[in-house]
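Student: Could you take me through one part of this model closely, namely the nonpolar core and what surrounds it? I would like a connected account rather than a list.

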Amino acid sequence: MFQRKNDTEGDFVPIVFGSHINTKAERNYSSYQGELINMIRAINDCRLNLMTSKQTFVFTDHHSLTRLFTQPNLTAYQIRQINSIADIPNIKIVHKSANDP
């Protein structure tokens, strides 16, 4: 689900809902790789909306994804995934626990 901050009230309102069933190969990925591919897929699905935003926050309950842009040792696969979203301005990945409101 993608949300946009309502300018008048400051609350987040949903703008896009999405769903995807992972392929058999994707189900064999590590949890990190699975979360990464699904995050990239969601970003690419909303690319036009995100290209015009001043800043984009991606909230995830997978803490290790927050270090995606600062990791010193990336695999070739991770580099390709990062390059696919490199043109999205000011993207920031933020950890939000599943228990947070």
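Tutor: What follows looks at the core, then at a helix that contributes to it, and then at a patch on the surface. The model is a predicted one, and the description should be read with that in mind. The largest nonpolar core has 18 residues, and those with the most contacts inside it are L36, M39, I43 and L68. Helix α2 (31-45), helix α4 (76-84) and strand β4 (91-95) each supply at least two residues of this core, while α2 gives the most to it, with 6 residues. In soluble globular proteins, nonpolar side chains tend to be buried together.

L36 repays a closer look: once its neighbours within four places in sequence are set aside, L36 is in contact with L65, L68, Y77, Q78 and Q81. Helix α2 also holds Q33, and Q33 counts as buried because its relative accessible area is 18%, which falls under the 20% limit for that class. Leaving aside neighbours within four places in sequence, Q33 is in contact with Y77 and Q78, two residues that are also listed among the contacts of L36.

Turning from the core to the surface, F12, F57 and F59 make a nonpolar patch of about 310 Å². Of these residues, F59 lies in strand β3, which runs over residues 56-60, and F59 is classed as partly exposed because its relative accessibility is 46%, a value in between the limits of 20% for buried and 50% for exposed.

Technical notes:
Residues numbered from 1 in each chain as written. Predicted model: local features only at pLDDT ≥ 70, side-chain atom pairs only at ≥ 80, totals over all residues. Heavy atoms only, no water. Core = buried A, V, L, I, M, F, W, Y, C linked by side-chain atoms within 4.5 Å. Buried < 20%, exposed > 50% of the residue type's maximum accessible area, 1.4 Å probe, protein only. Helix = DSSP H or I, 4+ residues; strand = E, 2+ residues; numbered from the N terminus. Contact = heavy atoms within 4.5 Å. Patch = residues over 30% accessible without salt bridge, like charges linked within 9 Å, V, L, I, M, F, W, Y side chains within 5 Å. Areas by Shrake-Rupley, 256 points an atom, 1.4 Å probe, with all protein chains shown as cover. Salt bridge = Lys/Arg side-chain N within 4 Å of Asp/Glu carboxyl O.
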